[in-house]
Structures are given as C-alpha cells and as structure tokens.
Amino acid sequence: MSHDPNLVSHLLSLSQRCTSMRELKTIHGRLLRLNLHLNTLILAKLLRFAAVSPSGDLHYAHTLFCHTPHPDTFFYNTLIRGYAKTASTSQPISLFTHMRRSSTPPDEFTFNFLLNACSRMLKLGEEIHGQVFKLGFSRNTHVQNALIHLYAANRFPEIARKVFDEMPQRDVVSWSSLVVAHVKARDLDSAKKVFDEMPERDVVAWTALITGFDRVGHFAEALVLFWKMQEAGVQPDEVTILGVVSACANLQDLEAGMSVHCYIEERGFSWMVALCNALIDMYSKCGCLEKAWAVFERMPRRSLVSWNSIILACALHGAGEEALRLFQEMTKEAGVRPDGATFLAAMSACAHEGWVVEGWRLLESMEREHGIPATIEHYGCMAGMLAHAGQLEAAYDLIMSMPVPSTEEVWRVLLSACKIHGNAAMRERIVNRLL
DNA sequence: GTAGGGTTAG
C-alpha cells in the first residue's frame with residue numbers, strides 16, 4: 001500500500017513538533033489507522049519525545065520500542081538515554097545486552113548514555129569501560145568525557161585523571177569533568193590547579209569550583225570566585241547562583257544574599273524551585289524570617305524541600321505555632337508527603353517552644369503513620385526536649401531504648417540538663433556509661 | 001541526537 005508523500009511528510013513534521021503525550025498518542029493512532037506505524041522515521045521522532053522530553057512517558061516509549069520490528073542504533077540509544085535520567089540501571093544494561101545480541105552496532109552515543117545511566121554503579125560502569133575499549137571507542141572525546149564523569153561521580157579522581165591524560169583530544173567538558181572529580185573528592189587544591197590550567201573556562205567549570213568551595217566550608221572564597229567569574233565575562237546561570245546563595249547563607253551575609261536575590265529577580269531565575277528553596281534557607285540563616293516567608297509565599301510551585309525549609313525557618317525563629325500550622329497545611333491541604341527532615345523541623349519547633357507532648361506525638365506518628373524511620377537526630381531532639389523540661393528519667397530511658405546508636409552529643413545535652421536540674425545521681429550514671 | 005556543574009537538616 002503506497003501513501004501520499006505529502007501525508008507522510010505532514011505526519012513527520014507533526015511528530016517532530018510534538019509537545020505533549022496527548023498529541024503524541026493522537027499521531028500514533030493515525031499512524032496505526034493508516035498502517036504507517038512501521039515508518040521508522042516518524043517512530044523515531046515519537047520515541048524521542050516519549051523517552052527524553054520532560055513531559056514524555058518512558059513506559060510509552062518502551063512500548064513504542066517493543067513494537068518496532070528492527071530497532072536501529074538510534075532507537076536503542078534514545079531509550080537508554082531516557083532510562084539514564086531515571087534511577088534504573090538494569091533497563092539500560094538489558095537494552096545494551098539486547099542490542100549486542102541483535103547485532104545492532106553501538107556508537108559513541110550509546111556509550112555516552114550508557115555510562116551516564118551507570119554512573120551510580122561503579123562496577124557496571126567499569127564493565128562498560130571494558131566494552132568501550134573492546135569496541136574501539138577509547139579515543140572518542142564524548143565517550144571519554146562520560147568515563148571521566150563516571151570516575152568523578154564515584155570519587156576516583158586519580159582514575160578520572162588517567163582517562164583525561166590518555167585522551168588524544170580534550171574539550172572544555174573534559175576539563176570541567178576533571179575539576180569536578182577533584183571537587184567531589186573534596187580536594188579543592190587540585191580542583192583549583194586544574195581550573196587554572198584550563199585553556200578556557202565556561203560557566204560549568206566556574207560553577208563546579210564555586211560549589212566546591214562552598215561544600216568544603218570556604219564560603220568567602222566561593223563568593224570571591226563569583227565576582228571573578230563575572231569579571232572574566234562569564235554569565236552565571238541558575239546552578240551557579242544556587243551555590244552562591246548557599247555560600248551567602250553559610251556566611252550569614254545578608255547584604256550579599258540580598259544583592260544576589262536582586263540578581264535572581266533581574267535575570268528571571270525565580271521560576272526555579274531549588275533556587276527559591278536556597279533563598280528561604282539563606283534568609284532563615286541570616287535571621288530574616290519575614291524575607292524567607294515572602295519568598296515562600298510568592299513561589300508558584302513548591303517542593304518538599306520548600307516546605308521543610310520554611311517550617312525549619314519558623315521553628316528556629318520562635319514561630320512554633322506557624323511552623324506546626326504549616327506542617328498541617330503541607331500534609332493535609334497541599335498533600336505533600338513529609339520526610340524525615342520535615343519531622344525534624346516540626347520537632348525542632350516543639351523543642352524551641354518546650355512542647356514535649358506535641359514532640360512525642362510527632363515522633364510517634366512519623367514512625368507509625370508515615371513509616372519514616374527516626375534517626376539519631378529525631379531521638380536527640382526529643383531527648384533534648386525532655387531533658388530541658390526536667391524529665392530526665394524519660395530522656396535517659398529514651399536514649400537507652402532507641403534503636404539507633406547514641407552519640408556523645410546526645411549524652412552531653414542530657415548531662416548539662418542534669419546540672420541545671422541538680423540531678424547528681426544521673427550525672428554520675430551517665431559519666432560512668434561514657435567512660 | 002551527545003556532555004559536564006545543582007537546594008533543606010537548632
């Protein structure tokens with residue numbers, strides 16, 4: 001059955017411009033009705049949308065793939081690429097195995113996506129590295145870059161370096177990835193050294209270094225780099241600013257924080273949820289609950305972290321009522337599932353206000369109703385609350401019976417409470433335990 | 001049709 005070439009090219013351009021799964025399914029339906037569903041060119045476009053677009057549907061992509069009689073390298077690559085964005089490593093690997101069995105030749109794209117998919121599992125990544133070597137891709141810049149990323153992500157800077165050194169050609173990605181390898185290993189001296197040697201530095205390289213300095217506690221250095229970056233004529237983007245806001249927060253530098261906030265507004269970055277979350281945290285750490293609140297209120301979308309950040313901000317600034325009200329609003333009205341950090345924030349509010357009963361209620365409900373295991377921080381928070389309230393025996397019993405190992409910190413809190421409440425006997429009991 | 005940098009926790 002032959003088809004009007006105009007119709008085919010029309011459907012092709014439709015599938016190229018596809019913007020939603022609804023549209024995609026309509027096109028797919030038409031293909032089926034017209035018996036055009038084996039047209040690989042059109043199918044490839046549909047598959048790409050379903051597999052990699054943020055509004056795609058990986059399941060649907062996989063189904064499309066399965067109904068393709070002879071998927072070529074592009075089909076495999078695209079589906080592996082889609083899975084690389086998820087946590088699944090088994091799917092990309094089984095696709096690769098399938099690919100090898102069906103004698104579909106992998107190309108540089110295959111290894112790129114495959115290595116990305118496996119970057120959380122070093123063992124698998126190393127096996128892919130072997131295949132890269134065996135199949136002759138060890139001189140390909142993109143593939144080698146993905147290998148550097150693999151070893152960087154798994155904290156093996158020296159192997160990353162080895163891959164880098166053996167590359168016949170390096171691009172800015174190779175260099176940045178090496179900077180990242182040292183940053184991940186918290187070796188900022190080496191990171192800075194590589195950075196200084198770079199023939200050209202782009203926004204990613206600067207961002208990696210800024211974020212790195214922030215991570216290891218060199219906050220001021222991070223801010224200095226941010227200014228140098230702009231002097232060098234490189235435009236910071238959302239991710240850069242994320243690190244910069246975090247550095248301002250850690251420095252409790254309200255002035256710098258506010259100027260960065262202005263920058264965010266000017267550049268139109270405030271759509272980014274993570275960035276707003278970082279701002280909430282920054283204002284909270286700088287002691288400006290009102291400003292933290294203003295950011296939270298204006299957010300068009302909120303994530304779990306947004307709620308956690310604002311609840312903690314309220315908790316730490318003596319707005320316990322507000323913190324618990326937000327906790328209710330979050331879980332009941334907004335329908336956001338709390339996590340361990342949420343409960344810690346809400347319990348911190350109770351600790352701040354001395355609401356022991358409410359604290360207990362939260363600790364119990366997190367485990368029983370929400371199935372979130374309490375950590376030493378939750379128990380420590382609760383024990384501290386009890387100790388402060390003078391319920392020393394209860395605090396002691398809690399620490400002794402909790403299912404996680406206690407820390408010196410927890411005992412110290414109880415010790416000082418014993419001193420305040422004049423309980424010498426328990427003081428001695430604890431000291432003997434610690435010795 | 002390649003890639004690398006990413007927020008919360010007294």
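A polar contact is a pair of N or O atoms within 3.5 Å. In this predicted model, Ser176 meets that cut-off with DNA strand B: an N or O atom of the Ser176 side chain is 2.8 Å from a base nitrogen of the strand. Asp237 also reaches a base. Here an N or O atom of the side chain lies 2.5 Å from a base nitrogen of DNA strand B. Asn116 approaches the backbone instead, with a polar side-chain atom 2.7 Å from a phosphate oxygen of DNA strand B.

These contacts belong to a wider surface. DNA strand B is surrounded by 38 residues, and Phe109, Val173, Arg215, Met272 and Lys285 come nearest. Of the strand atoms within 4 Å of the protein, 47% are from sugar and phosphate. By class, the surface near DNA strand B holds 16 nonpolar, 13 polar and 9 charged residues. Helix 11, residues 172-184, contributes the largest share, 6 residues.

Helix 11 also takes part in the pockets. The largest pocket has a volume of about 340 Å³. Its lining comprises 15 residues, with Val183, Lys184, Ala208, Thr211 and Arg215 nearest the centre. Helix 11 and helix 13 (203-215) each supply at least two lining residues. Helix 13 gives the most, with 7 residues. The lining of the largest pocket divides into 7 nonpolar, 3 polar and 5 charged residues. Arg215 thus appears twice, among the residues nearest the centre of this pocket and among those nearest DNA strand B.

The second largest pocket contains about 290 Å³ of space. Asn116 and Ser176 are among its lining residues, together with others including Asn112, His142, His149 and Val173. Helix 7 (108-117), helix 9 (141-153) and helix 11 each give two or more residues to this lining. Helix 9 gives the most, with 5 residues. The lining of the second largest pocket has 5 nonpolar and 7 polar residues, and no charged ones.

The cysteines form no disulfides, the count being 0. Cys118 is unpaired, and the nearest cysteine sulfur, that of Cys66, is 19 Å away. Cys118 is buried, with a relative accessible area of 0%. Cys288 has a cysteine sulfur closest to its own in Cys286, but the separation is 6.6 Å, so the two are too far apart for a bond. A disulfide requires sulfur atoms within 2.5 Å. Cys288 also counts as buried, at 14% relative accessibility.

Conventions
Residues are numbered from 1 along each chain as its sequence is written. Chains are lettered from A and ligands numbered from 1 in the order in which they are written. This is a predicted model: local features need pLDDT of at least 70, side-chain atom pairs count only at pLDDT 80 or more; totals for chains, interfaces and linings use all residues. Side-chain values use heavy atoms; hydrogens and water are left out. A residue is near a molecule or strand if one of its heavy atoms lies within 4 Å of it. A polar contact is a pair of N or O atoms within 3.5 Å; within protein, one must be able to donate a hydrogen and the other to accept it, and residues adjacent in sequence count only if both atoms are side-chain atoms. Helices (H or I, at least four residues) and strands (E, at least two) are DSSP runs, numbered from the N terminus. Ala, Val, Leu, Ile, Met, Phe, Trp, Tyr, Cys and Pro count as nonpolar, Asp, Glu, Lys and Arg as charged, and the others, Gly among them, as polar. Buried means under 20% relative accessible area, exposed over 50%, partly exposed in between (1.4 Å probe, protein chains only). On a 1 Å grid over the protein atoms alone, a cavity is a set of points where a 1.4 Å probe fits but cannot get out, and a pocket is an open set with protein on both sides within 12 Å along at least five of seven lines; lining residues have an atom within 4 Å of a point. Grid points are joined across faces, edges and corners, and a volume is the space filled by probe spheres set on the points.
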